[in-house]
Each structure stands twice: as C-alpha cells, then as structure tokens.
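Look at the sequence and the structure below before reading on. The report then describes some of what can be computed from the atoms.

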Amino acid sequence: MEITASLVKELRERTGAGMMECKKALTENKGDIDAAGEWLRKQGLAKADKKASRVAAEGRIVLAQDGGKAVLVEINSETDFVANDDNFKAFANAVAQAALASGAADVEALKAAKLASGETVEEGRAAIVAKIGENVQVRRLVRVDSANNVGAYLHGSRIGVLVETKGGDLEFARGVAMHVAAMNPPYNKASDVPAAFLAKEKEIELAKMSEKDRAKPAEILEKIIGGKIAKIVNENTLYGQPYVLDTDKSVEAAAKAAGADVLAFHRIAVGEGIEKVVEDYAAEVAKAMQV
C-alpha cells in the first residue's frame with residue numbers, strides 16, 4: 001500500500017508523533033493506520049523504559065478540585081524547559097483531572113486511571129516521553145475528600161497546598177493554604193509536635209546555655225527553657241506562626257476570628273527529596289574533544 005502524505009498527516013494528528021516516525025510506522029505496518037498507531041505506542045513504551053533511569057527533578061504541581069474533593073499531583077521532567085512545554089502542561093492537567101475523577105488513592109492506582117483521551121495515565125506518560133524526549137514521571141498524589149471547606153493554592157507551578165478547615169469559609173481556607181505555601185510549617189498545632197522533637201530541642205537549648213545559667217535553681221531553669229521551647233513550637237507550627245495575610249495575628253488567632261479550625265494541610269513542592277545531578281557542561285565538552 002502506498003504511504004501517502006494524507007495518511008501520514010492523519011497518523012500525526014491521532015498520535016502527536018513526528019512525521020518521520022509516522023511514516024516509518026506506516027511503512028512497518030503496510031499502511032494500516034490502526035496497527036501503525038499501536039506500533040508507535042509500543043515504541044513509546046520502549047523509549048520510556050530506556051529513559052526511566054534518568055533523573056527527573058523538575059516538572060509541575062497540578063491541581064484539580066470539585067468542592068470538597070481536591071487533588072494535587074506532582075509530575076516530573078528532566079528540565080524546566082520541558083516543564084513549560086505546552087504538550088507537557090496539557091498532559092499534566094489531564095492527569096490531574098483523571099486523578100480527581102477516578103478517586104485514585106495513590107500513584108500506582110493513578111497510573112491505571114483513564115485520561116479523557118481513553119488511554120491510561122501510564123500510556124499517556126509513555127507517549128509524552130516519546131514526543132518530548134525526556135524522562136517523565138508521575139511521582140506523587142495528594143487527595144482530600146471532605147464535607148468541610150477545602151482551600152487550594154498553587155504557587156506558580158512549583159508548590160501546591162490543600163487545607164481542610166471546619167467552619168469559617170473558603171476564603172479563609174485558601175488564605176491558610178497561601179500561608180502554608182509561603183512558610184512551610186512542619187506541624188499543624190502544638191499538640192502535633194512529637195515528644196522526641198521537643199526533647200531534642202530542650203537538649204540543644206540546655207547545651208547552648210552558660211554554666212552560670214545552668215547553675216540556677218531548677219524551677220527558674222525550667223521556666224527559661226520552657227519559654228525557649230514555646231518559641232520553637234510557635235515557629236514550627238502553623239497555629240503558632242504569624243499569619244502571612246495579617247501578621248499582627250497568629251494563624252490560631254486568625255482561625256478563631258474566622259470561626260474556623262484547621263484540621264489538616266498538605267504541601268508538596270517540585271523535586272523535594274530528589275538528588276539533582278549537577279552537570280559540568282564545559283567538562284563534558286572538553287572530554288568529548290579529547291576522544
């Protein structure tokens with residue numbers, strides 16, 4: 001069968017693959033456009049497997065929400081350039097919608113969820129790898145499904161926050177989400193701070209004190225240490241921090257004024273915990289010149 005330009009064009013529109021790849025796929029499959037599409041998908045999976053070991057520490061946080069149901073998904077690429085590519089952004093947003101609609105509780109379940117196109121998230125991931133030529137990974141999923149207020153906030157495309165509040169309104173919940181994005185508190189309230197953390201901080205504060213201060217009566221020493229620990233707790237808890245939208249109040253005071261209680265929050269940022277590879281391009285070029 002003759003491989004016409006119109007046939008190549010139709011396969012490109014179906015798959016988004018390059019012109020030469022489409023022509024090769026049609027040639028390999030004797031002009032059968034359906035078989036050629038399947039062949040390209042298999043090729044995409046093979047390419048995705050080959051690139052899977054490459055570090056992908058850039059990317060985007062995407063959000064999808066419907067009332068009290070909300071998801072954040074981290075999708076990684078190797079470079080910031082690709083993270084801003086329209087194809088990558090479209091894929092990321094489609095994954096967020098699939099995560100919301102499917103009810104997937106974790107990334108493994110999300111990979112099997114269907115995109116609006118009908119393919120699975122994993123199939124879509126393989127296709128985008130084949131198209132853009134970089135490793136792409138769906139790394140993390142955060143889900144909140146609540147009858148309470150759920151505030152959501154994206155700081156650009158690199159930080160995402162979900163906050164669940166009981167009482168108050170959505171405006172306050174979103175304000176707290178903005179605070180969490182900016183201040184990244186490790187804990188919600190003082191009662192959430194682990195005893196081991198407090199014990200370690202107490203040990204550190206005692207070590208920092210002078211011999212003269214450590215020689216003070218136990219009750220005075222305890223009062224001094226207690227004040228220092230209280231300050232540390234405030235610095236490390238959402239409720240203890242000054243509220244970024246009204247720094248004259250703590251978040252706890254702002255919540256009380258709004259008639260709200262912050263039940264939980266979730267914050268994820270692109271590339272957290274991934275060891276990035278720092279490449280010395282000058283050294284790479286010099287090495288290549290010596291070959």
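What follows covers the overall make-up, one helix, one strand pair and a few salt bridges.

## Overall make-up

This is a predicted model. The protein has 13 helices and eight strands. Of its 291 residues, 39% are buried. The protein exposes about 16200 Å², and carbon and sulfur atoms supply 53% of that area. Among the contacts with a separation of 6 or more, 60% are between residues 24 or more positions apart.

## Helix α2

Helix α2 covers residues 19–28, and in it Cys 22, Ala 25 and Leu 26 are buried. Seen down the axis of α2, the buried residues fall within an arc of 95 degrees, so they line one face of the helix. After α2 comes Lys 30, which has a positive phi, near 55 degrees.

## Strands β1 and β2

Strand β1 spans residues 58–66 and pairs with β2 in the antiparallel sense, over nine bridges. One of the bridge partners can be named: Gly 59 is matched with Asn 76 in β2. The two strands β1 and β2 form a hairpin with two residues between them. In the turn, Gly 67 has a positive phi of about 65 degrees.

## Salt bridges

The whole structure contains 14 salt bridges. The table gives the N to O distance for three of them.

| Side-chain pair | N to O distance |
|---|---|
| Glu 74 and Arg 139 | 3.2 Å |
| Arg 158 and Asp 80 | 4.0 Å |
| Glu 108 and Lys 111 | 3.3 Å |

Which parts of the chain does the salt bridge between Glu 74 and Arg 139 tie together? The side chains of these two residues meet at 3.2 Å, N to O. Glu 74 lies in strand β2 (residues 69–77) and Arg 139 in strand β3 (residues 137–145), so the pair ties together parts that are 65 residues apart in sequence. Glu 74 has a relative accessible area of 0% and is buried. Its partner Arg 139 is partly exposed, with a relative accessible area of 28%.

The pair of Arg 158 and Asp 80 meets in a salt bridge at 4.0 Å, N to O. This pair also links distant parts of the chain, with the two positions 78 residues apart in sequence numbering. Arg 158 sits in the loop between β4 (149–155) and β5 (159–167), while Asp 80 belongs to helix α4 (residues 80–83). Arg 158 counts as partly exposed because its relative accessibility is 31%, and buried would require a value under 20%. Asp 80 is partly exposed as well, with a relative accessible area of 39%.

The third pair lies within a helix. The side chains of Glu 108 and Lys 111 meet in a salt bridge at 3.3 Å, N to O. Both residues are in helix α6 (residues 107–112), and because they are three residues apart, about one helical turn separates them. Is Glu 108 buried or exposed? Glu 108 is exposed, with a relative accessible area of 56%. Lys 111, at 23% relative accessibility, counts as partly exposed.

Some salt bridges share partners, and these join Glu 74, Arg 139, Arg 140, Arg 267 and Glu 272 into one network. The network thus includes Glu 74 of strand β2 and Arg 139 of strand β3.

Conventions. Residues are numbered from 1 along each chain as its sequence is written. This is a predicted model: local features need pLDDT of at least 70, side-chain atom pairs count only at pLDDT 80 or more; totals for chains, interfaces and linings use all residues. Side-chain values use heavy atoms; hydrogens and water are left out. Helices (H or I, at least four residues) and strands (E, at least two) are DSSP runs, numbered from the N terminus. Buried means under 20% relative accessible area, exposed over 50%, partly exposed in between (1.4 Å probe, protein chains only). The arc is that of the directions from the helix axis to the C-beta atoms. Contact means heavy atoms within 4.5 Å. Accessible areas come from the Shrake-Rupley method with a 1.4 Å probe; for residues, only the protein chains shown count as cover. Two strands pair if DSSP finds at least two bridges between them.
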